[in-house]
Amino acid sequence: MRIVRSVRHKLCADGSFMKEFLLDTPVTKEFFAYLGAFGQVEALPNLGEGFYKFEKPDWFSIKGFAGDTTVEVRFKKEVMDLTVDFVYSLFSTYHEGKIDSSVLKRREEAIGVKVRKHLYGT
């Protein structure tokens, strides 16, 4: 799965920066399950059947409907420059079936150190 382009972006009232991404293939519930290795995934059927939210605190969130070719990503503005490439990696390394996420997990750890240092000085 690949991000084709950002189709819309804006600064939100809560200080986050939202980008709506167009994908080359529709997202699936399996994709959101895959994201669970990197943060918290929640199905929100009250908002519509197949609606999912992925949250990586202090980094970003991803929201969307299974079957759609667009997703909304809200970045923590202060660390967006550190985390945006990781979002692209989450999409590009996903392939239906068995996924080896070990390289991506190491990258996540390295970026996490930078995010914590930037936000909390630790």
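**View 1. The largest pocket holds about 180 Å³ of space.** This is a predicted model, where local features need pLDDT of at least 70, side-chain atom pairs count only at pLDDT 80 or more, and totals for chains, interfaces and linings use all residues. Residues are numbered from 1 along each chain as its sequence is written, and side-chain values use heavy atoms, leaving out hydrogens and water. A pocket here is an open set of points on a 1 Å grid over the protein atoms alone, where a 1.4 Å probe fits, with protein on both sides within 12 Å along at least five of seven lines; lining residues have an atom within 4 Å of a point. Points are joined across faces, edges and corners, and the volume is the space filled by probe spheres set on them. Of the 16 lining residues, Asp 14, Ser 16, Arg 74, Phe 75 and Lys 76 sit nearest the centre. Strand 4 (51-56), strand 5 (60-65) and strand 6 (70-75) each give two or more residues to this lining, and strand 5 has the largest share, with 3. (Strands are DSSP E runs of at least two residues, helices H or I runs of at least four, both numbered from the N terminus.) By type, the lining splits into 9 charged (Asp, Glu, Lys, Arg), 4 nonpolar (Ala, Val, Leu, Ile, Met, Phe, Trp, Tyr, Cys, Pro) and 3 polar residues (the others, Gly among them).

**View 2. Helix 2 packs its buried residues against six elements.** Spanning residues 80-92, helix 2 runs 18 Å from first C-alpha to last, close to the 18 Å expected (1.5 Å times one less than its number of residues). Its buried residues (under 20% relative accessible area, 1.4 Å probe, protein chains only) include Met 80, Val 84, Val 87 and Phe 91. Their partners are strand 1 (3-11), strand 2 (17-23), helix 1 (29-35), strand 5, strand 6 and helix 3 (102-120), with contact meaning heavy atoms within 4.5 Å.

**View 3. Phe 91 is among the best-connected members of the largest nonpolar core.** Such a core joins buried Ala, Val, Leu, Ile, Met, Phe, Trp, Tyr and Cys residues through side-chain atoms within 4.5 Å. This one has 30 residues, and Phe 31, Phe 60, Ile 62 and Phe 91 touch the most other members. Helix 2 supplies the largest share, 6 residues. Beyond four places in sequence, Phe 91 contacts Met 1, Ile 3, Leu 23, Val 27, Phe 31, Ile 62 and Val 71.

**View 4. Asp 58 has a positive phi, near 70°.** Most residues other than glycine have a negative phi. Asp 58 lies in the loop between strand 4 and strand 5. At 27% relative accessible area, Asp 58 counts as partly exposed (between 20% and 50%).
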